[in-house]
Amino acid sequence: MQSLRRVLLSRVVPNGHHHHQQRALHLAPPFLLDDYTPRYMTLSSVDAARKRSAAYAHLRRCNLCPRLCGVNRYETTGVCLIGAETAKVNVIAPHFGEEPCVQGHRGSGSVFFSGCNLRCVFCQNHDIAHRRNGQDLTPEELGGWFVKLQEVGGVHNVNLITPEHVVPQVALSILHARHNGLTVPIIYNTSAFDSLASLELMDGLVDIYLPDFKVWNTATSRRLLKADDYAATARESIKAMHAQVGDLCFTADGIAKRGLLVRHLVMPGYEAEGAEIMRFLADEVSKDCFVNIMEQYRPAAHVGKPGRGSKEGERRYAEINRAVGQDEISVVRKAAEEAGLWRFCDPPRHEGFSI
Ligand code: SF4
């Protein structure tokens with residue numbers, strides 16, 4: 001793990017023979033920013049106008065996510081069941097359940113959108129993502145909330161959670177908020193089931209991409225996520241995200257400001273797929289990719305429920321109806337390290353910040 005202290009040390013001892021110190025000397029400066037201006041603040045008014053019209057065009061023929069419904073969302077809805085005028089939002093609040101570099105000491109300004117374009121049987125956020133609860137907000141109202149999170153909540157960033165199906169509304173809301181004083185970075189937090197068209201629309205508006213890469217095999221994504229093309233889509237999406245914002249960078253206060261942070265929730269019995277995901281990140285995205293290998297899987301949503309018409313005692317998705325083991329977590333972590341990844345979201349082992 002890299003630490004601020006090690007970075008400082010490596011500067012003091014530039015000729016140190018330790019591998020990581022040499023690496024830190026070479027790589028640390030690009031990850032430390034003196035100052036940061038969010039990308040949406042540097043967008044020209046011409047580009048902002050272009051984004052606005054692209055957003056409306058997408059809504060009239062929606063191919064914004066890999067479901068490719070092709071519907072006019074002003075008249076009807078597609079798989080995500082969300083129209084064009086508003087976005088359905090479940091919770092807006094400062095949140096402390098994120099990575100330390102994202103939540104900091106004042107929290108991350110989380111905006112949980114209702115609905116999702118995946119149907120994970122183990123959804124860890126089932127109440128929000130699969131039910132259509134929540135309030136319908138126009139882009140102007142949503143942008144107003146971003147500013148409120150910043151002004152009243154004092155948050156470090158605005159964290160858009162499962163926005164894949166409301167990208168145009170979100171793009172419009174960011175453009176609205178920038179005129180009303182928003183200055184904190186925007187985080188785009190997805191399941192990586194994005195389309196290249198929607199990422200292009202978000203280019204210049206998002207500072208931090210926070211995708212979750214869930215499973216690797218087609219058979220697994222078909223069974224557990226209800227999407228055949230998940231992994232191929234996730235690979236393309238994550239590469240496109242990295243091309244836009246690069247590796248994760250911090251300011252000296254330890255708060256992430258720009259770049260890519262990939263999450264992977266280790267699944268019981270699927271650790272080999274987690275290992276594949278780590279190798280992909282190292283080989284095809286960046287060895288300096290910041291990764292959070294998450295250990296908190298718990299059976300949820302449809303997992304472990306009695307199956308319809310099944311025999312007494314039979315449970316659905318029985319193979320993942322348990323917590324994940326330490327041995328399984330180690331397999332993924334070891335694969336990541338062997339592939340050359342080194343920036344992990346570990347708890348700090350010292351009094352400084354993790355960077
Ligand atoms: S965002 Fe909704 S309407 Fe658009 S393609 Fe995806 S599921 Fe279909």
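**Exercise 1. The cysteines of the annotated site**

In which loop is the place of Cys120? Determine also whether Cys120 and Cys123 are buried or exposed.

*Solution.* The structure is a predicted model.

Step 1. Begin with the record: an unreviewed UniProt entry lists Cys116, Cys120 and Cys123 under "binding site".

Step 2. Locate the residues. Cys120 sits in the loop that runs between strand β3 (108-113) and helix α5 (126-129). Cys123 also lies in the loop between β3 and α5.

Step 3. Apply the cut-off: a residue is buried if 20 or more other C-beta atoms lie within 10 Å of its own. Cys120 has 27 C-beta neighbours inside 10 Å, and therefore counts as buried. Cys123 has 20 such neighbours, so Cys123 is buried as well.

Step 4. Identify the contacts. Apart from residues up to four places away in sequence, Cys120 touches Leu224 and Leu225.

**Exercise 2. The surroundings of the ligand**

State how many residues surround the ligand, and describe their character.

*Solution.* Step 1. The shell around the ligand holds 14 residues. The closest are Cys62, Cys65, Cys69, Gly78 and Cys80.

Step 2. Sorted by character, the shell consists of eight nonpolar, four polar and two charged residues.

**Exercise 3. A helix with a buried face**

Examine helix α12 and explain why its buried residues line one face.

*Solution.* Step 1. Helix α12 comprises 14 residues, 326-339. From first C-alpha to last it reaches 20 Å, close to the expected 20 Å at 1.5 Å a residue.

Step 2. The buried residues of α12 are Glu328, Val332, Arg333, Ala335 and Ala336. Viewed down the axis of α12, these residues fall within an arc of 155 degrees, so they line one face of the helix.

Step 3. Consider the face turned away from the buried side: it carries the exposed residues Gln326, Asp327 and Glu338.

Step 4. The cover over the buried residues of α12 includes β9 (256-265), α11 (271-285) and β10 (290-294).

Step 5. Just after α12 comes Gly340, with a positive phi of about 110 degrees.

**Exercise 4. A mostly covered helix**

How many of the 13 residues of α7 are buried, and what covers them?

*Solution.* Step 1. Helix α7 spans residues 167-179 and reaches 19 Å from its first C-alpha to its last, close to the expected 18 Å.

Step 2. Twelve of the 13 residues are buried, and α7 is thus described as mostly covered. Among the buried residues are Pro168, Gln169, His176 and Arg178.

Step 3. The covering elements include the helices α3 (45-60), α6 (139-151) and α8 (196-202), together with the strands β2 (87-95), β5 (158-161) and β6 (186-190).

Step 4. Just after α7, Gly181 adopts a positive phi of about 100 degrees.

**Exercise 5. A lysine in a strand**

Establish whether Lys257 is buried or exposed, and list its contacts.

*Solution.* Step 1. Lys257 belongs to strand β9.

Step 2. Lys257 counts as buried because 21 C-beta neighbours lie inside 10 Å.

Step 3. Leaving aside neighbours within four places in sequence, Lys257 contacts Leu33, Tyr36, Pro185, Asp207, Cys249, Phe250 and Thr251.

Step 4. Lys257 and Ile187 are 70 residues apart along the chain, and their C-alpha atoms are separated by 9.0 Å.

**Exercise 6. The whole chain**

Summarise the protein chain by its secondary structure, burial and contacts.

*Solution.* Step 1. The chain has twelve helices and eleven strands.

Step 2. Of its 355 residues, 48% count as buried.

Step 3. Among contacts with a separation of 6 or more, 72% join residues 24 or more positions apart.

Terms used: Residues are numbered from 1 along each chain as its sequence is written. This is a predicted model: local features need pLDDT of at least 70, side-chain atom pairs count only at pLDDT 80 or more; totals for chains, interfaces and linings use all residues. UniProt positions are given in the numbering used here, feature names are shortened, and annotations may be inferred rather than shown by experiment. Helices (H or I, at least four residues) and strands (E, at least two) are DSSP runs, numbered from the N terminus. Two residues are in contact if their C-beta atoms, placed from the backbone, lie within 7 Å. A residue is near a molecule or strand if its C-beta atom, placed from the backbone, lies within 6 Å of it. Ala, Val, Leu, Ile, Met, Phe, Trp, Tyr, Cys and Pro count as nonpolar, Asp, Glu, Lys and Arg as charged, and the others, Gly among them, as polar. The expected span of a helix is 1.5 Å times one less than its number of residues. The arc is that of the directions from the helix axis to the C-beta atoms.
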